[in-house]
Amino acid sequence: MAGLYIHIPFCHSKCAYCDFFSTPRHSDTEAYIDAVISEWHHRRDALNETVETIYIGGGTPSILPVKVLDRLIAELPENATEFTIEANPEDVTDDWCHYIASTPVNRVSMGIQSFNNTELHTVGRRHTAEDALKAIDRLRSAGITELSCDLIYGLPGQTLKSWQQSLDLLIDLRPPHLSCYLLSYEEGTRLWAMRETGKIVEASEELSIEMYNHLIETIHHAGYVHYEISNFALPGHHARHNSSYWLDKPYIGLGVSAHSFDGRNRSFNPPSIKDYISRGGIGTSIIEEETLDERLNDYIITSLRTARGLHLDEATERFGKTAADHITATSRPHVKRGNMALHDNTLTIPESQWLVSDRIMTDLMKV
Ligand code: SF4
């Protein structure tokens, strides 16, 4: 079963923290969607599997005029088990919701980030807390109940109290799925420059850990399952599409900067909208040559991000006994210290350590 991802690289404006490939210029929207459709027609024939999940992400897919989005959706498989589109609250009008409800899309993922308007404004989000509340209400009124909502913690100026308020407000609304991320400062972003010039102060590690601990305590109390570092779901509502990335299942990525994985090789489309359109989306894909060690490192990172963990038998099957022995040996000190657990030949990182799990994973990786 394969996943299909479609990247829409257009946004109304650039958020301060964002390092995804997206542009605020969207005069090429129609030509871009034509190229995506053409890439899909070209690549679907090589797909030997049924498409189980579809994810239209970005960028901001909800920026697309409905007639353009409709052209795209009409070309995609109709029977995907999970079909998600990302939306920004300011785009979620009654008309948009009713249109989405009339399509095979059955899940909406919305970037709320915070319910504090000062925090939203500081990082350049265009919507307000009120817009987000209205959007949830409109989606539900149109019959769209499979909602995933994103929040960010560690925002500039955010306090433990304001984080609690945002989280409590969202949990009271009970979206079936939540993604909560610690804000990261990526070089080249406006946020990075704001910190370097002293306009904002990065949240301390102690505060970030307090926020994370509050998050996991609150979320468990509310009945959500913490199944991946940043992802939480009410029972039965985990994100199938994203889970297949973590489980190393094959997926096709259409559009600029989209990545694909055929079960063995990874490839990506370069981030040039002009080039992508001029070639009709065809022939732009570049194979990422990965060594066995690089594939093993990917596997270590993706599996240890999840509550499922890393199965040593699976590692042996996929990468050989020497690789599995390497993981066993490098994980041993962490297991002794309680930073990792080993049960039934499966390694996991306890939830309490997930926020600092990069440091643990680095020790297991092959260099
Ligand atoms: S809306 Fe999303 S993709 Fe667009 S700039 Fe903001 S964070 Fe980046």
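**View 1. Pairing of β4 with β5 in the predicted model.** Met110 of β4 has Cys149 of β5 opposite it. The two strands, β4 and β5 (residues 147–153), run parallel and are joined by 5 bridges.

**View 2. Pairing of β4 with β3 and the connection between them.** Strand β3 (residues 82–87) is parallel to β4, with 4 bridges between them. Across this pairing, Thr84 stands opposite Arg107 of β4. Helix α3 (residues 94–101) lies on the chain's path from β3 to β4, and the resulting β-α-β crossover is right-handed.

**View 3. Burial of strand β4 (residues 107–113).** Of the 7 residues in β4, 7 are buried, so the strand is largely enclosed by the rest of the structure. In a regular strand, side chains alternate between the two faces of the sheet. Arg107, Ser109, Gly111 and Gln113 point one way from β4, while Val108, Met110 and Ile112 point the other way. Residues on both sides of β4 are buried, Arg107 and Met110 among them.

**View 4. Contact between domain 1 and domain 2.** Domain 1 spans 2–245 and domain 2 spans 292–367. Their C-alpha centres are 29 Å apart. The contact involves 10 residues of domain 1 and 8 residues of domain 2. On the side of domain 1 that touches domain 2, α8 (205–221) and β7 (225–228) each supply at least two residues. The largest share of that side, 4 residues, comes from α8. By residue class, the side of domain 1 that touches domain 2 consists of 7 nonpolar, 2 polar and 1 charged.

Definitions and conventions:
Residues numbered from 1 in each chain as written. Predicted model: local features only at pLDDT ≥ 70, side-chain atom pairs only at ≥ 80, totals over all residues. Buried ≥ 20, exposed ≤ 12 C-beta atoms within 10 Å, placed from the backbone. Pairing = 2+ DSSP bridges. Right-handed = clockwise from strand over helix to strand, strands pointing away. Domains from an automatic or database assignment. Contact = placed C-beta atoms within 7 Å. Nonpolar A, V, L, I, M, F, W, Y, C, P; charged D, E, K, R; others polar.
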